[in-house]
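Student: Please give me a close look at one part of this structure. Take the surroundings of the ligand, and explain each term as you go.

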Amino acid sequence: MKSSNQRNFIDKESIFGPDNYKPLPVVLSRAKGVWVWDVDGKKYLDMMSAYSAVSHGHSHPELLKVLHEQSSQLALTSRAFYTDTLGPYLETITSLSNFDMALPMNSGAEAVETAIKAARRWAYLSKKIESDKAEIIVADGNFHGRTTTIISFSSDANSKNDFGPHTPGFVSVEFGSAKAIEQAINENTAAVLIEPIQGEGGIIVPPENFLPDVREICSKNNVLMILDEVQSGLGRTGKMFAFQHSNIQPDGLILGKALGGGFMPVSCFLASKEVMQWLTPGSHGSTFGGNPLAAAIGKRSLELLEEENLIENSRVLGDFFKNALIDIKSNVIKEVRGKGLWIGVVIDPNYVSGKDLSKLLLKEGILCKETHETVIRFAPPLVITKEEIEWALEIITTTLTQIENKANISK
Ligand SMILES: Cc1ncc(COP(=O)(O)O)c(C=O)c1O
């Protein structure tokens with residue numbers, strides 16, 4: 001599969017960069033819409049979308065236009081000055097999500113850090129929790145990023161071990177159990193921070209009453225309910241925000257990935273004025289957060305999700321794709337789960353590892369990747385068509401049949 005041309009690029013990455021990723025053996029050089037090409041010109045269907053960051057498809061022409069126009073007009077100023085792009089972007093994102101205010105950042109992890117800082121300030125200055133005692137309740141199996149504080153409350157040993165000392169102030173409880181959250185709350189609890197559907201944890205959808213119950217518990221105890229929708233947000237699950245499936249409104253919301261339209265890191269933390277009021281000058285910031293280019297891209301990315309019916313496409317084609325995967329009825333598949341165009345296929349490791357299945361699909365022209373060894377994630381750009389999904393389904397079905405036949409012969 002690897003040509004000497006590809007080998008050369010792969011070798012360079014491993015010689016001059018640390019081994020903190022284990023990429024599939026393909027070297028990409030070009031993309032358009034849902035398709036990407038490797039350096040040898042072979043074409044692949046992107047079912048990864050850069051972990052859901054390319055929801056609009058690669059090089060969306062409208063966003064490319066914004067990128068060109070805004071970068072030739074005004075790209076970067078820092079927040080030392082006002083710009084004519086940030087205000088309109090903040091207005092758009094807050095009215096869309098029903099929050100008072102948004103604090104712009106760049107990466108998802110930075111926005112999570114922002115949420116943690118905002119929750120702690122609110123806890124000390126509004127809720128009057130004793131100094132340095134604030135606690136945030138998180139969920140087992142969470143993924144919120146890779147900074148030192150965030151990995152402090154990860155349950156994944158590999159991302160946590162030998163990076164200590166860890167930041168205190170976090171309590172982790174079972175994901176999907178509102179009761180566990182209620183039992184963990186005490187007078188020092190500032191916030192509950194969870195993903196509405198755990199993405200990196202393996203596309204784990206909690207019981208239907210989980211979010212409404214957590215909402216009620218948080219309100220009853222004066223605890224902030226903060227949702228990390230860096231991956232689940234912006235149409236990925238078939239609603240603008242995953243929390244809308246439960247008809248609730250959280251107190252804080254973290255967005256990222258697709259907010260950058262597949263071009264650049266754009267993230268933010270949204271909350272009420274009551275929470276945001278304590279972020280005073282100098283208490284938090286970022287040189288690049290809310291820069292004119294990011295603001296223009298962020299605004300247009302949000303608008304396009306609705307203008308181009310991408311959320312509805314995610315809902316309708318997500319259902320179609322999920323049901324078709326269930327219908328394959330292969331012994332290799334143990335479970336199919338997810339919402340919208342965000343599907344996890346749990347495979348039986350007795351037949352094939354997630355990594356090997358990803359490699360087999362790569363060979364056939366589908367880019368996807370395993371999460372947690374036995375779950376294959378399918379998260380194509382939301383601009384994908386039914387025909388393109390049907391094309392992928394044929395390949396997936398044939399590949400699974402071949403794996404099963406091979407296993408039966410060797411029995
Ligand atoms: C739910 C969630 N939060 C935060 C992050 C971190 O985002 P970033 O990689 O942009 O820092 C991720 C990344 O996958 C994520 O899935």
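**Around the ligand**

Tutor: A polar atom in the side chain of Lys257 lies 2.9 Å from an oxygen atom of the ligand, which makes a polar contact (a pair of N or O atoms within 3.5 Å). The model is a predicted one, in which local features need pLDDT of at least 70 and side-chain atom pairs pLDDT 80 or more, while totals for chains, interfaces and linings use all residues. Residues are numbered from 1 along each chain as its sequence is written, and side-chain values use heavy atoms, without hydrogens or water.

Gln231 also contributes through its side chain: an N or O atom there is 2.8 Å from an oxygen atom of the ligand. With Gly108 the backbone takes part, and one of its polar atoms is 2.9 Å from a ligand oxygen. Of the 390 Å² that the ligand exposes when taken alone, the protein buries 81%; such areas come from the Shrake-Rupley method with a 1.4 Å probe.

Now the whole shell, in which a residue is included if one of its heavy atoms lies within 4 Å of the ligand. Along the sequence, the shell takes in Ser107, Gly108 and Ala109, then Phe143, His144 and Gly145, then Glu195, Asp228, Val230, Gln231 and Lys257. By class, three of these residues are nonpolar, five polar and three charged. Ala109, Phe143 and Val230 are the nonpolar ones. Glu195, Asp228 and Lys257 are charged. Ser107, Gly108, His144, Gly145 and Gln231 count as polar, a class that includes Gly. Lys257, then, is a charged residue with a side-chain atom 2.9 Å from a ligand oxygen.

How values were computed. Polar contact = N/O pair within 3.5 Å; in protein donor to acceptor, adjacent residues only side chain to side chain.
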